[in-house]
Amino acid sequence: MSTITLDTVKKIKTLNNIAEGGLNVFQKDTFMVDNDCENPDAIMVRSFNMHSMEFGHQLKAIARAGAGVNNIPVDKCTEQGIVVFNTPGANANAVKEMVLTSLMASSRNLFAGVSWTKTLEAEGEQVPQLVEAGKKQFAGKEIKGKTLGVIGLGAIGALVANDAIALDMDVIGFDPFISVDTAWNLSRNVQRALTIEELFASADYITVHTPLTDDTRGMFNQATFSMMKPGVHILNFSRGELVNETDMEAALESGIVGQYITDFPNENVLKMKNTVCTPHIGASTKESEENCAIMAGRQIRDFLQTGNIKNSVNFPNACLPYTGKQRVAAFHQNVPGMVGKLTSAISSYDLNIADMVNRSRGDYAYTMIDIDTNVTNNIIPHLEGKINLIEGMITARFI
């Protein structure tokens, strides 16, 4: 059973400090944005852990100003008909710059060299001589002509691959799910690995840009390390859990892995040999935060005002040009006959259907139907009752 509601003023709740540009997309006369509002229509969030939260019946959408949604109970949201958005690509340039900076700095032993040089503060006039005597221990290698393996060629991975080509590296990429848009934007000089094992065997450096799933959790482990070139550098700016830390520690001790650069430090990782840890700042730039907030805000605004969905992690993406006609937006189980039951409910009140779209994603589907005739207030409760009785309906609303 679902509840169909007629939207009025929309309330947006913020759970973190959201960049001003993201808040400014909401018109003041149509939206109320507040971090303390009750029964919000939508929530904007960055890193706040939402897993223990209870969601009111009014909540329709959650937008994460970032790519990862591990802090959001996505399955629970799906069951309650709450669309979850993320902002893929909005922070891609920031992370790309961090990866390339770390790639070059680690290859030249810059991090270790800077730390060692700071220990000379008390040596006074002896500093220049000590520097000359000690610099040999930090001799590194150039990345030009070396092979970079890029796992995951989405928004970030594609930028990393293209810029590494511009730095005269050989680049080999692996992504079995590469999109057509990404393929168009990828340099033709990026070699395609047919298997991840091929990439492991070829790369001097490996950078990973995949989401954390049951399939990718612990993908860097004893078995995969054994396939790699001795001394390989591994860069992880995606998720800490992609790496089996026990196996990584052993690989670093043995020299199978030359360096591990990660944006996800913890007590265990900080103790590992030849590890560079950054404080989860891969996407932490003013520009990135602004871009993510603006994208998240626009996605919420468009969904609440038109029902259109883009960049959802749990609903199917769906777009129907909004002409101002009254629209029914329904989220339901992906079973035969649902669209027919919806259209029958609408046409039983002599309402003409102007346009519609239906998209599915796994066990669920999303349908938008534009109505050509005006739906009067006395009809809405009766139509609501009919839609509520449709078996498999999760949520529905008038726009």
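This briefing describes the domains, the two sheets and two of the helix pairs in the structure above.

The model is a predicted one, and the domain assignment of the protein gives domain 1 as 1-85 + 284-314, domain 2 as 91-106 + 140-275 and domain 3 as 317-398. Among its elements are an open sheet of five strands and an open sheet of seven strands, and in both the pairing is parallel.

**Domains**

- Domain 1 is assigned as two stretches of the chain, 1-85 and 284-314, and domain 2 likewise as 91-106 and 140-275, whereas domain 3 is given as the single stretch 317-398.
- Between the C-alpha centres of domain 1 and domain 3 the distance is 23 Å, and the contact between these domains takes 24 residues from domain 1 and 23 residues from domain 3.

**The sheet of five strands**

- Read across the open sheet, the strands follow the order β3-β2-β4-β5-β6, and their pairing is parallel.
- At the edges stand β3 (31-34) and β6 (83-85), and because each has a single partner strand, one side of each is left without a neighbour in the sheet.
- On average, and with direction ignored, neighbouring strands of this sheet are turned by 20° against each other.
- The edge strand β3 is paired in the parallel sense with β2, which covers residues 10-14, and the pairing runs over four bridges; within it, Lys10 is found opposite Phe31 in β3.
- Helix α12, made of residues 286-306, packs on this sheet and touches β2, β3, β4 (42-45), β5 (61-64) and β6, while its direction makes about 170° with that of β4.

**The sheet of seven strands**

- The strand order in this open sheet is β9-β8-β7-β10-β11-β12-β13, again with parallel pairing.
- Its edges are formed by β9 (191-192) and β13 (275-277), each of which has a single partner strand, so one side of each is left without a neighbour in the sheet.
- Strand β8, residues 170-174, pairs with the edge strand β9 in the parallel sense over two bridges, and in this pairing Gln191 in β9 is the bridge partner of Ile172.
- Helix α10, residues 245-254, lies across β11 (232-236), β12 (257-262) and β13, and runs at about 135° to β12.

**Helices α3 and α6**

- Helix α3 (residues 92-107) and helix α6 (residues 155-166) have axes that come within 9 Å of each other and cross at roughly 45°, and the two helices are therefore oblique to each other.
- The crossing of α3 and α6 is right-handed.
- On the α3 side the contact involves Ala92, Asn93, Val95, Lys96, Val99 and Leu100, which meet Ala155, Ile156, Leu159, Val160 and Asp163 in α6.
- Sorted by class, the residues in this contact of α3 with α6 are eight nonpolar, one polar and two charged.

**Helices α13 and α14**

- Helix α13 (residues 338-347) packs with helix α14 (residues 380-388) at an angle of about 160°, and their axes are 10 Å apart.
- This angle makes α13 roughly antiparallel to α14, because angles over 145 degrees count as roughly antiparallel.
- The crossing in which α13 passes α14 is right-handed.
- Leu342, Ala345 and Ile346 in α13 are in contact with Leu383, Lys386 and Ile387 in α14, and by class the contact has five nonpolar residues, no polar residues and one charged residue.

Note on methods
Residues are numbered from 1 along each chain as its sequence is written. This is a predicted model: local features need pLDDT of at least 70, side-chain atom pairs count only at pLDDT 80 or more; totals for chains, interfaces and linings use all residues. Side-chain values use heavy atoms; hydrogens and water are left out. Two strands pair if DSSP finds at least two bridges between them. Axes are lines fitted to C-alpha atoms, for helices over the stretch in contact, and angles run from 0 to 180 degrees between N-to-C directions. Contact means heavy atoms within 4.5 Å. Angles under 35 degrees count as roughly parallel, over 145 as roughly antiparallel, 65 to 115 as roughly perpendicular and the rest as oblique. A crossing is left-handed if the near helix is turned anticlockwise from the far one by less than a right angle, and right-handed if clockwise. Ala, Val, Leu, Ile, Met, Phe, Trp, Tyr, Cys and Pro count as nonpolar, Asp, Glu, Lys and Arg as charged, and the others, Gly among them, as polar. Domain bounds come from an automatic or database domain assignment.
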